[in-house]
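Let's take a walk through this structure together, beginning at one end of the chain and working inwards. Keep the viewer open as you read.

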Amino acid sequence: MGKKVAVLTSGGDAPGMNPCIRACVRFGLYKGLEMYGVRRGYQGLIDDDIFLMNSRSVSDIVQRGGTFLKTARCEDFKTVEGINKAVANLKKYGITDVIAIGGDGTFRGGKAMADNSDISVIGIPGTIDNDLAYTDFTLGFDTSVNTVLWAINSLRDTMGSHDRCSLLEVMGRRCGDIALYAGICGGAEYILVPEVPYDLDAIADSLKKAHERGKTSNMIIFAEGAGNKDEICAYLKEKTGVKITTTTLGHIQRGGSPTMQDRILANKFAERAIELIMLGATNRVIGTRDNRIIDENISEALEMSGKFDKKLYKLAEIMSL
Ligand code: F6P
């Protein structure tokens, strides 16, 4: 009997999920697999929101951000009862394999299901945060950074006109990658991330000196995990007397049409996922390292840490001098 594969997206959505679902379905069909979709991630497995897909099911989504399968953060799937219900629903359709597209939590959920059943699970990294150490890039990161860059460009126009300093808060949870990549590409003077301790007095001093020598518009990119932006802004204002305007970009940076890089990764990740399923693999996650597509054991991948690119951070500092 041929394999039956379900695809789901879970956790925060990310641009690139749609082209990846499309690629999983089309490459799976090409390999003779039966392909199913699951709505709202693990919640949909528990609720039996599972449907058969064909090539046309994934038409006209390659250019769209978000996920047409919808997504959810599912607490019930952290319980044995939740997992058992999900497995029973998958069995009703004869589904043998699940491709789970998402981040850290998605992979942990997938591993729990694979460890407690004979369902095979392959994970594809989809999160704007780029917070998975085993892979250089996750789906959605590139698009998100480009959206942040668009915001930085706009802010620079208006802040420059008013001789103001701008503090832009970006997402990333506990990871500073969005701030780092957007910061260096957008010419930010200061990049505050959770991975690198910062000295507010030194920043205040440098801001003040910059103003004194006529550099009246500066950009601070602040990763949400790096502290409390309102307190930092208040402290810097008090110490320097400089006008600082804060902007929180919010969910705008999680939407938008996926970039070329995210669409290429989506296709390549999907191809590897289907190939692994054909080989009978389970508990593996796909990634990219040094421009190559790789796969890793889920547990080993989740244990890795320390990906933050300190050399790039240093380079960003030098470029802002
Ligand atoms: O993980 C993606 C992400 O956008 C994070 O960057 C952010 O901290 C979080 O999700 C926001 O979650 P929610 O949309 O549930 O507020």
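A good place to start is Leu321, which is exposed because its relative accessible area is 86%, over the 50% mark used for that class. Please keep in mind that this is a predicted model. Leu321 belongs to the segment that follows α11. Now look across to Tyr190: 131 residues separate Leu321 and Tyr190 along the chain, while their C-alpha atoms are 9.9 Å apart.

From that segment, step back into the helix before it. Helix α11 (residues 310-319) packs with helix α6 (residues 177-185) at an angle of about 35°, and the two axes are 10 Å apart. The crossing of α6 over α11 is left-handed. Which residues bring α6 and α11 together? On the α6 side they are Leu180, Tyr181 and Ile184, and on the α11 side Leu312, Tyr313, Leu315 and Ala316. By class, this contact is made of seven nonpolar residues, with no polar and no charged ones. An α-helix has 3.6 residues a turn, so residues three or four places apart point the same way. With that in mind, have another look at Leu180 and Ile184 in α6, both of which take part in the contact with α11.

Stay with α6 for a moment. Its buried residues are Asp177, Ile178, Ala179, Leu180, Ala182 and Gly183. What do these buried residues pack against? Their partners are the helices α5 (141-161) and α11, together with the strands β6 (165-170), β7 (190-192) and β8 (219-223).

Both ends of α6 deserve a visit. Before the helix, Cys175 sits in the loop that joins β6 to α6. Cys175 is classed as buried because its relative accessibility is 8%, under the 20% limit. Beyond its sequence neighbours up to four places away, Cys175 touches Asp129, Asn130, Asp131, Pro194 and Glu195. Ser217 makes a useful distant landmark: it is 42 residues from Cys175 along the chain, with 27 Å between the C-alpha atoms.

On the other side, just after α6, Gly187 has a positive phi of about 70°. Ala188 lies in the loop between α6 and β7, and it counts as buried because its relative accessibility is 5%. Setting aside neighbours within four places in sequence, the contacts of Ala188 are Arg156, Gly183, Met219, Ile221 and Ser320. One of these, Gly183, is also among the buried residues of α6. Leu168 is 20 residues from Ala188 along the chain, and their C-alpha atoms are 10.0 Å apart.

Now zoom out to the domains. The chain is divided into domain 1, covering 4-140 + 258-303, and domain 2, covering 144-254. Their C-alpha centres are 35 Å apart, and each domain gives eleven residues to the contact between them.

In soluble globular proteins, nonpolar side chains tend to be buried together. Here the largest nonpolar core numbers 77 residues, and Ile99, Ile101 and Ile124 have the most contacts inside it. Where does this core lie with respect to domain 1 and domain 2? It lies between them, because both domains give residues to it. Another core, separate from this one, has 21 residues, including Tyr36, Val98, Ala100 and Ala114.

Ile124 is a handy viewpoint for the surroundings. Apart from neighbours within four places in sequence, its contacts include Cys20, Cys24, Ile99, Ile101, Phe107, Phe269, Ala270 and Ile286. Follow the link to Ala270, a residue of helix α9 (residues 260-278). Ala270 is buried, with a relative accessible area of 0%. Leaving aside neighbours within four places, Ala270 is in contact with Cys20, Ala23, Cys24 and Ile124.

Finally, turn to two backbone details. Most residues other than glycine have a negative phi, and most peptide bonds are trans. Asp48, which is not a glycine, has a positive phi of about 60°. It is placed in the loop between α2 (41-46) and β3 (50-53) and is partly exposed, with a relative accessible area of 26%. Asn283, also not a glycine, has a positive phi of about 55°. Its place is the loop between α9 and β10 (284-289), and Asn283 counts as buried at 12% relative accessibility.

Methods. Residues are numbered from 1 along each chain as its sequence is written. This is a predicted model: local features need pLDDT of at least 70, side-chain atom pairs count only at pLDDT 80 or more; totals for chains, interfaces and linings use all residues. Side-chain values use heavy atoms; hydrogens and water are left out. Axes are lines fitted to C-alpha atoms, for helices over the stretch in contact, and angles run from 0 to 180 degrees between N-to-C directions. Helices (H or I, at least four residues) and strands (E, at least two) are DSSP runs, numbered from the N terminus. A crossing is left-handed if the near helix is turned anticlockwise from the far one by less than a right angle, and right-handed if clockwise. Contact means heavy atoms within 4.5 Å. Ala, Val, Leu, Ile, Met, Phe, Trp, Tyr, Cys and Pro count as nonpolar, Asp, Glu, Lys and Arg as charged, and the others, Gly among them, as polar. A nonpolar core is a set of buried Ala, Val, Leu, Ile, Met, Phe, Trp, Tyr and Cys residues joined through side-chain atoms within 4.5 Å. Buried means under 20% relative accessible area, exposed over 50%, partly exposed in between (1.4 Å probe, protein chains only). Domain bounds come from an automatic or database domain assignment.
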